[in-house]
Amino acid sequence: MRLIINGEAQIVEATTLSQLLTALEYEGEWLATAVNGELVHSEERGDHILTDDDRIEILTPMQGG
């Protein structure tokens, strides 16, 4: 499936947002996710079905001063 992930087109073998995060090795990390501009809460990621050309944003917290 073709997805736009943080602005980059990628081909992935995931059907849910949870599967995508696991494939991209984000599993277990603190992060925020949005699909096509809509926030997807962590408890909904396993049920959120992805489709071709979805725009995924994955945000992780930054540390620093």
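Two strands count as paired if DSSP finds at least two bridges between them. The exercises below apply this to a predicted model.

**Exercise 1. Work out which strand Ile4 faces across a bridge, and how the two strands run.**

Step 1. Strand S1 covers residues 2-5, and strand S5 covers residues 55-59.

Step 2. Ile4 stands opposite Arg55 in S5.

Step 3. Two bridges join S1 to S5. The cut-off is at least two bridges, so this number is enough for a pair.

Step 4. S1 and S5 run parallel.

**Exercise 2. List the elements of the protein and place the strands in the sheet.**

Step 1. The secondary structure comes to one helix and five strands.

Step 2. Read from the N terminus, the elements follow the pattern β-β-α-β-β-β.

Step 3. In space, the five strands form an open sheet with the order S2-S1-S5-S3-S4. The pairing in this sheet is mixed.

Step 4. The edges are strand S2 (8-11) and strand S4 (38-40), each of which pairs on one side only.

Step 5. From one strand to the next, the twist averages 35 degrees.

**Exercise 3. Describe the antiparallel pairs of the sheet, with one bridge partner for each.**

Step 1. S1 and S2 run antiparallel and are joined by four bridges. Here Leu3 stands opposite Gln10 in S2.

Step 2. S3 and S5 are also antiparallel, with four bridges between them. Thr33 stands opposite Ile58 in S5.

Step 3. Three bridges join S3 to S4, and these strands run antiparallel. The bridge partner of Ala34 is Leu39 in S4.

Step 4. Two hairpins can now be described. S1 and S2 form a hairpin with two residues between them. The hairpin of S3 and S4 has two residues between its strands.

**Exercise 4. Find residues with a positive phi, and state where they lie.**

Step 1. Recall the usual case: most residues other than glycine have a negative phi.

Step 2. Asn6, in the turn between S1 and S2, has a positive phi of about 50 degrees.

Step 3. Glu25 is not a glycine, yet its phi is positive, about 65 degrees. Glu25 lies in the loop between helix H1 (17-23) and strand S3 (32-35). Its relative accessibility is 67%, so Glu25 counts as exposed. The cut-off for exposed is over 50%.

Step 4. Asn36 is not a glycine either, and has a positive phi of about 50 degrees. Asn36 lies in the loop between S3 and S4. With 44% relative accessibility, Asn36 counts as partly exposed.

**Exercise 5. Decide whether Leu3 and Thr16 are buried or exposed, and name what they touch.**

Step 1. A residue is buried if its relative accessible area is under 20%.

Step 2. Leu3 is in strand S1. Its relative accessible area is 0%, so Leu3 is buried.

Step 3. Residues up to four places away in sequence are not counted as contacts here. Leu3 then touches Glu8, Ala9, Gln10, Val12, Leu20, Leu50, Thr51 and Asp54.

Step 4. Leu3 and Asp52 are 49 residues apart in sequence, but their C-alpha atoms are 5.9 Å apart in space.

Step 5. Thr16 is found in the loop between S2 and H1. With a relative accessible area of 9%, Thr16 is buried.

Step 6. The side chain of Thr16 reaches the backbone nitrogen of Gln19 at 3.1 Å. This distance falls within the 3.5 Å limit for a polar contact.

Step 7. Apart from neighbours within four places in sequence, Thr16 is in contact with Arg45, Gly46, His48, Ile49 and Leu50.

**Exercise 6. Compare the overall size of the protein with the rule for a compact globule.**

Step 1. A compact globule of 65 residues would have a radius of gyration near 11 Å.

Step 2. The protein has 11 Å, which agrees with the rule.

Step 3. Taken along the principal axes, the C-alpha atoms fill a box of roughly 40 × 25 × 20 Å.

Step 4. Of the 65 residues, 29% count as buried. The protein exposes about 4,600 Å², and carbon and sulfur atoms supply 48% of this area.

Step 5. Take the contacts with a separation of 6 or more: residues 24 or more positions apart account for 54% of them.

Note on methods:
Residues numbered from 1 in each chain as written. Predicted model: local features only at pLDDT ≥ 70, side-chain atom pairs only at ≥ 80, totals over all residues. Heavy atoms only, no water. Axes fitted to C-alpha atoms, helices over the stretch in contact; angles between N-to-C directions. Buried < 20%, exposed > 50% of the residue type's maximum accessible area, 1.4 Å probe, protein only. Polar contact = N/O pair within 3.5 Å; in protein donor to acceptor, adjacent residues only side chain to side chain. Contact = heavy atoms within 4.5 Å. Rg over C-alpha atoms; globule rule 2.2 N^0.38 Å. Areas by Shrake-Rupley, 256 points an atom, 1.4 Å probe, with all protein chains shown as cover.
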